[in-house]
Amino acid sequence: MPDKISRETIRNEAIDPDFVDRIVDAGADRLRTCIQCGTCSSVCPSGRRTAFRTRELIRKALLGLKDEVLSSEDLWLCATCLTCLERCPRQIKVTDAIIIMRNMAVEEGYMLPQHRKASLKLLETGHAVPIDDANREIRKNLGLKEIPPTTHSSKKALADVQKIMERTGFKKLILEDKEEK
């Protein structure tokens, strides 16, 4: 006896017909040429270690399933390595599309706690992963200065980076108190 196939009905109210247009307009111009061949999923290093399926995410975006895509934890599993673009027979900028969708997700209040934590560290120190005591010790043992010549050691550089984050809207986006979805 064949296995039961789980099927969900897509309801009209779940479809945002403008979703794919916004992704394309933001820079993923070849997205509609996707033929769902699965190459992106088959070559994805993240997909080998997680349940991430690039092809599925792109298909849902093409169908206009905005809320499903933007609320999906899978959206954050992409390592942005560009392997999918290198192998795509249509040269679709899959990574760009994923970054665009991540930005949309954050604007709508969807962000994984660990990404919010890294973003807050970036706002505070200029680094998503600041230098801690263990890293200082490793740098010292390698004959490097304990504090690298980055925003860690330059208050002016940190102020410049924070000004960029303010002017680009990043600070507001991360600090804005949105209802957790």
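Which residues of the largest nonpolar core touch the most other members? In this predicted model, the core comprises 34 residues, and those that touch the most other members are Phe19, Ile23, Leu31, Leu70, Leu75, Ile98 and Met101. Two or more residues are given to this core by each of helix 1 (19-25), helix 4 (54-62), helix 5 (66-70) and helix 7 (94-107), and the largest share, eight residues, comes from helix 7. The surroundings of isoleucine 98 illustrate how the core is assembled from separate parts of the chain: when residues up to four places away in sequence are not counted, isoleucine 98 touches Phe52, Thr54, Leu57, Leu75 and Cys78.

Charged side chains were examined next. Side chains of opposite charge can pair when their charged atoms come close. The count of salt bridges in the model comes to eight. One of them joins arginine 22 to aspartate 16, with the closest N and O atoms 3.0 Å apart. The two partners fall into separate accessibility classes, since aspartate 16, with a relative accessible area of 18%, lies under the 20% limit and is therefore buried, whereas arginine 22 is partly exposed at 34%.

A further salt bridge is formed between lysine 60 and glutamate 68, where the closest N and O atoms are 2.7 Å apart. Lysine 60 has a relative accessible area of 21% and is partly exposed, and glutamate 68, at 37% relative accessibility, also counts as partly exposed. This pair belongs to a network of salt bridges in which Glu56, Lys60 and Glu68 are linked.

In helix 10 (155-167), aspartate 160 forms a salt bridge with lysine 156, and the closest N and O atoms of this pair are 3.0 Å apart. Because the two residues are four residues apart in helix 10, about one helical turn separates aspartate 160 from lysine 156. Lysine 156 is exposed, with a relative accessible area of 58%, while aspartate 160, at 36% relative accessibility, counts as partly exposed.

Helix 9 (residues 133-141) shows features at its start and just after its end. At the start of this helix, a side-chain oxygen of aspartate 132 reaches to within 3.3 Å of the backbone nitrogen of alanine 134. After the helix comes glycine 143, which has a positive phi near 80 degrees. Leucine 144 is placed in the loop between helix 9 and helix 10 and is partly exposed, with a relative accessible area of 44%. Together with Ile138 and Leu142, Leu144 makes a nonpolar surface patch of about 310 Å².

Positive phi values in residues other than glycine were found at two positions of the loop between helix 5 and helix 6 (83-87), namely threonine 80 and leucine 82. For threonine 80 the phi angle is near 55 degrees, and for leucine 82 the phi angle is near 75 degrees. Threonine 80 is partly exposed, with a relative accessible area of 34%, and leucine 82 is likewise partly exposed, with a value of 36%.

Contacts made by helix 8 (residues 113-125) were considered through two of its residues, glutamate 124 and serine 119. With neighbours within four places in sequence left aside, glutamate 124 is in contact with Leu158 and Gln162. The C-alpha atoms of glutamate 124 and alanine 159 are separated by 10.0 Å, although these residues are 35 residues apart along the chain. Serine 119 is buried, with a relative accessible area of 10%, and its contacts, again leaving aside neighbours within four places in sequence, are with Met111, Phe170 and Ile174.

A separation across the model is given by glutamate 13, which is found in the segment before helix 1 and which counts as exposed at 67% relative accessibility. Glutamate 13 and leucine 158 are 145 residues apart along the chain, and their C-alpha atoms are separated by 45 Å. Leucine 158 is also one of the residues in contact with glutamate 124.

Technical notes: Residues are numbered from 1 along each chain as its sequence is written. This is a predicted model: local features need pLDDT of at least 70, side-chain atom pairs count only at pLDDT 80 or more; totals for chains, interfaces and linings use all residues. Side-chain values use heavy atoms; hydrogens and water are left out. A polar contact is a pair of N or O atoms within 3.5 Å; within protein, one must be able to donate a hydrogen and the other to accept it, and residues adjacent in sequence count only if both atoms are side-chain atoms. Patches are made of residues with over 30% relative accessible area and no salt bridge: like charges are joined within 9 Å, nonpolar side chains (Val, Leu, Ile, Met, Phe, Trp, Tyr) within 5 Å. Accessible areas come from the Shrake-Rupley method with a 1.4 Å probe; for residues, only the protein chains shown count as cover. A salt bridge is a side-chain nitrogen of Lys or Arg within 4 Å of a carboxyl oxygen of Asp or Glu. Buried means under 20% relative accessible area, exposed over 50%, partly exposed in between (1.4 Å probe, protein chains only). A nonpolar core is a set of buried Ala, Val, Leu, Ile, Met, Phe, Trp, Tyr and Cys residues joined through side-chain atoms within 4.5 Å. Contact means heavy atoms within 4.5 Å.
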